[in-house]
Amino acid sequence: PADRLIAPSLLAADFARVGEETKRAVASGADWMHLDVMDGHFVPNISFGPSTIDAVNQTDDVFLDVHLMISRPDVYLDDYIKAGADMITVHVEADHDVNETLDRIHAAGLKAGVVINPATPLSAAEPYFDKIDMLLVMTVVPGFGGQSFMPETMPKVTEAAKIRDQRGLNFHIQVDGGIDAKTAPIAIEAGANVLVAGSSTFRAPDMAAAISQLKAI
Ligand code: DX5
Ligand code: ZN
């Protein structure tokens with residue numbers, strides 16, 4: 001899909017004002033809200049769970065892109081479906097049957113994606129290409145916002161776009177971590193079309209300007 005989508009990551013927002021921050025992101029031109037769920041096990045950090053997703057869902061009618069950085073996405077899947085997720089992305093490195101999890105997400109009427117960490121080869125995600133609505137190629141090691149973009153992950157984006165187009169598939173390619181006005185052009189050039197941006201949007205002096213700058217690249 002050629003459409004460029006900007007998904008601010010709530011992880012970079014002011015957690016004391018989640019509702020207002022969600023509204024601010026939507027008013028500033030966010031296409032999606034990227035919601036980083038962390039269990040302190042799959043990644044060395046804990047962020048938030050289904051109740052926060054539910055609160056965001058009550059706040060605004062915006063597409064909720066839920067990134068599950070948890071060891072057992074299969075065990076908690078129904079909670080995120082109930083909380084109002086529109087897209088759920090799961091790590092191929094986590095401890096679950098990826099195909100089964102993707103099928104369950106689709107059975108609930110949601111969009112489904114797989115995520116690969118920087119150290120994970122594209123071959124680990126390729127078996128699911130026919131089934132996914134999105135591939136998320138992590139451009140940082142997951143767990144924290146504010147990290148630096150890892151350009152060495154770009155060949156995976158380029159290769160994924162090539163395979164997708166060769167097979168006539170149509171999944172989004174999302175990048176996540178250290179995306180800003182400087183690094184976004186590299187990711188777009190490589191073939192990404194959905195940009196997650198936490199610090200560079202929520203922490204910008206002007207969030208709307210930051211988002212429109214990412215859209216204009
Ligand atoms: C990291 C998360 C990213 C992160 C992005 O584990 O998956 O979504 O919040 O934050 P920035 O854009 O600040 O790197
Ligand atoms: Zn994320």
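The following paragraphs lead through a predicted model, from its sheet to its ligand and its aromatic pairs.

The sheet offers a suitable starting point. Eight strands make up an open sheet, and their pairing is parallel. Read across the sheet, the order is β1-β8-β7-β6-β5-β4-β3-β2. The edge positions are taken by β1 (5-8) and β2 (32-38); each has a single partner strand, so one side of each is left without a neighbour in the sheet. On average, neighbouring strands of this sheet are turned by 25° against each other, direction ignored. In general, the strands of a sheet pair through backbone hydrogen bonds, in either a parallel or an antiparallel arrangement.

One pairing may be followed at residue level. Strand β3, residues 63-69, and strand β4, residues 87-91, are joined over four bridges in the parallel sense. Within this region, Val-66 stands opposite Ile-88 of β4. Helix α4, which comprises residues 98-107, lies across β4 and β5 (111-116). The helix runs at about 150° to β5.

Attention now turns to ligand 1. There are 20 residues around ligand 1, and those that come nearest are Asp-36, Gly-143, Asp-176, Gly-198 and Ser-199. Polar contacts to oxygen atoms of the ligand involve both side chains and backbone. Ser-9 places a polar side-chain atom 3.1 Å from an oxygen atom of ligand 1, and His-67 places a polar side-chain atom 3.3 Å from an oxygen atom of ligand 1. From Gly-178, a backbone N or O atom lies 2.8 Å from an oxygen atom of the ligand. Ligand 1 taken alone exposes 380 Å², of which the protein buries 99%.

Aromatic side chains complete the account. The structure holds three aromatic pairs, one of which is formed by Phe-15 and Phe-48. This pair is tilted, with 5.8 Å from centre to centre and 55° between the planes. The pair links distant parts of the chain, 33 residues apart: Phe-15 belongs to the loop between β1 and α1 (18-27), whereas Phe-48 belongs to the loop between β2 and α2 (50-59).

Methods: Residues are numbered from 1 along each chain as its sequence is written. Chains are lettered from A and ligands numbered from 1 in the order in which they are written. This is a predicted model: local features need pLDDT of at least 70, side-chain atom pairs count only at pLDDT 80 or more; totals for chains, interfaces and linings use all residues. Side-chain values use heavy atoms; hydrogens and water are left out. Two strands pair if DSSP finds at least two bridges between them. Helices (H or I, at least four residues) and strands (E, at least two) are DSSP runs, numbered from the N terminus. Axes are lines fitted to C-alpha atoms, for helices over the stretch in contact, and angles run from 0 to 180 degrees between N-to-C directions. Contact means heavy atoms within 4.5 Å. A residue is near a molecule or strand if one of its heavy atoms lies within 4 Å of it. A polar contact is a pair of N or O atoms within 3.5 Å; within protein, one must be able to donate a hydrogen and the other to accept it, and residues adjacent in sequence count only if both atoms are side-chain atoms. Accessible areas come from the Shrake-Rupley method with a 1.4 Å probe; for residues, only the protein chains shown count as cover. Rings of Phe, Tyr and Trp (its six-membered ring) pair if their centres lie within 6.5 Å; planes under 30 degrees apart count as stacked, over 60 as edge-to-face and the rest as tilted.
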